[in-house]
Amino acid sequence: MTTTADRPVGARFGTEDTPEEAAFRAEARAFFEGVSERRTDRDETGNYFAMADNDPETHRRHVERNRDAQRRIADAGWAGFCVPEEYGGRGGERWQERIFRQEQARFTIDTGLFAVCLGMVLPTILAHGTEEQKRRHIPSMLQGGEIWCQLFSEPGAGSDLAGLTTRAVRDGDEFVVNGQKVWNSGAHHADYGALIARTDVDVPKHRGITYFLVDMRLPGVEVRPLRQATGVAHFNEVFLTDVRIPADCVLGEVNGGWGVAQTMLMNERNVIGSGGMGVGFGDYLRMARELGVTDDPTIRQALAAAFIRAQAAARAGRQPGPETSVGKLVASLHSAANGDLGLQIQGAGGMLAGPDAFRRGMFQQMFVGQWGMRIGGGTEQIQRNVIGERVLGLPGEPRPDKTLPFKDLPQNG
Ligand SMILES: Cc1cc2nc3c(=O)[nH]c(=O)nc-3n(C[C@H](O)[C@H](O)[C@H](O)COP(=O)(O)OP(=O)(O)OC[C@H]3O[C@@H](n4cnc5c(N)ncnc54)[C@H](O)[C@@H]3O)c2cc1C
């Protein structure tokens, strides 16, 4: 029997839907029933471990499954809710996308590798792209033909992203790019990268950056996977050596890339803030029941707090704008607290790892993995800065480097 608590985070079915939403939800669910299977606890554990399997053949199959799933969604007319029909989208509304994703979370069909492409790059191209760029990329993105990665962070530029030093120098109809990026999620699967690089050192740092749409197969692009504490090789270093990028791959204006990057970062926080971790409140409740600790008053309190957080995470920051920092921060704190909760419920068993542990150590992995969620997409401290300055209107941080030409700044290490 399915109880309310068994439902995934954010998927509150029935009671809160308007008749229009309920009809749409039923239609979406019928679609998924036709092309996929309902997700079970076992699938969730399996998926989590598939991500930790670094075998190239497992990765290849994972990529193929994702492409196939996205193609099926597009062929059935469900792709691109906020994308005009002329670019292959459905031309729907944001609430429809939310319900569609909630329903998808109940099934095994996986399109997670398209999160950067569809959730972050596509809206950025829609907002800043030329007509030719929109037609070149968007229909193919929706059809599962393009996996994208984000090439923003560098060893010396994370929170201070505008301090980046990767250079792009114009040479006729091309830009020649040299530098190093790091922490690039999924770059080892990606067909394209969204790159920001410095095109002018004589102006203040935010004003000399350009945003490029880069084919990852270009000569000079080298991707080296990095392994995280969880054992998953999810992100990479990307080295760019004399990479020649055609000038028609500049998105927005030359030296106007900071504004373009902001569009992508706001969409990134929205994706993270409205995503959740795949493991929902029901998974914790089930674990507490299986381990026979639901009578423990501290565990009961912790579960109640987790339920409230799950509700808050599902509601926060749905519109791309500075408010998405609220959603990202809520998701981040939720991830931290749930990481701890998983081990709290297990008690002394929380010290075990791997096959000896409950669900083969999935919750131990989540405990270690919480910091990825808390740092990726901008740290908790940076989200608090954005909320303070751009949502609450508090005085900004002192930024003495805002007006000096980039070349006169002390360089990051
Ligand atoms: C799982 C994961 C996935 C990622 N995926 C990608 C990706 O696909 N593409 C990509 O380009 N990058 C990616 N990143 C990189 C991520 O964006 C950066 O790690 C993040 O922005 C922090 O930068 P940093 O690591 O250089 O830390 P730093 O900026 O060096 O920060 C170190 C510490 O100082 C604090 N701090 C820094 N500045 C301030 C300030 N002004 N006020 C208060 N505190 C401050 C930070 O909060 C942090 O605690 C990913 C990171 C993770 C963990």
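Which residues is tryptophan 148 in contact with, leaving aside its neighbours within four places in sequence? In this predicted model, the contacts of tryptophan 148 include Val116, Cys117 and Val121. His137 and Met141 are also in contact with tryptophan 148. The list is completed by Ala190, Tyr192, Gly193, Ala194 and Leu213.

Tryptophan 148 belongs to the largest nonpolar core, which has 48 residues. Phe100, Val121, Trp148 and Tyr211 have the most contacts inside this core. Several elements give two or more residues to the core. Among them are helix 1 (19-35), helix 3 (56-75), helix 4 (94-104) and helix 6 (131-142). Strand 4 (192-198), strand 5 (209-215) and helix 7 (257-275) are also on the list. Helix 5 gives the most, with 6 residues. Where does this core lie with respect to domain 1 and domain 2? Domain 1 (4-110) and domain 2 (149-256) both give residues to the core, so the core lies between them. A second, separate core has 20 residues. Ala190, Ala197, Val214 and Val250 are included in this second core.

Tryptophan 148 is also part of strand 1, which covers residues 148-151. In a regular strand, side chains alternate between the two faces of the sheet. In strand 1, Trp148 and Gln150 are on one side. Cys149 and Leu151 are on the other. Are these four residues buried or exposed? All are buried, and both faces of strand 1 are covered. Strand 1 pairs with strand 4 in the parallel sense, over 4 bridges. Tyrosine 192, in strand 4, is the bridge partner of tryptophan 148. Tyrosine 192 is also one of the contacts of tryptophan 148.

The loop between strand 1 and strand 2 (167-171) holds glutamate 154. The relative accessible area of glutamate 154 is 4%, so this residue counts as buried. Not counting neighbours within four places in sequence, glutamate 154 is in contact with Leu164, Thr165 and Thr166. Gln180, Lys181 and Val182 are in contact with glutamate 154 as well.

The ligand is surrounded by 19 residues. The closest are Ser153, Ser159, Trp183, Thr379 and Gln381. A polar side-chain atom of serine 159 is 2.6 Å from an oxygen atom of the ligand. For glutamine 381, a polar side-chain atom lies 2.7 Å from a ligand oxygen atom. Glutamate 397 has a side-chain N or O atom 3.2 Å from a nitrogen atom of the ligand. Tryptophan 183 sits in the loop between strand 3 (174-182) and strand 4. Phi of tryptophan 183 is near 65°, a positive value in a residue other than glycine.

A positive phi is also found at aspartate 242, where the value is near 50°. Aspartate 242 is in strand 7 (residues 235-246). With a relative accessible area of 47%, aspartate 242 is partly exposed.

Valine 83 lies in the loop between helix 3 and helix 4. Is valine 83 buried or exposed? Its relative accessible area is 5%, so valine 83 is buried. Not counting residues up to four places away in sequence, valine 83 touches Gly89, Arg90 and Gly91. Leu122, Leu126, Ile138 and Leu142 are also touched by valine 83. Valine 83 and proline 139 are 56 residues apart in sequence. In space, they are 9.7 Å apart, C-alpha to C-alpha.

How values were computed. Residues numbered from 1 in each chain as written. Predicted model: local features only at pLDDT ≥ 70, side-chain atom pairs only at ≥ 80, totals over all residues. Heavy atoms only, no water. Core = buried A, V, L, I, M, F, W, Y, C linked by side-chain atoms within 4.5 Å. Buried < 20%, exposed > 50% of the residue type's maximum accessible area, 1.4 Å probe, protein only. Domains from an automatic or database assignment. Contact = heavy atoms within 4.5 Å. Pairing = 2+ DSSP bridges. Near = heavy atom within 4 Å. Polar contact = N/O pair within 3.5 Å; in protein donor to acceptor, adjacent residues only side chain to side chain.
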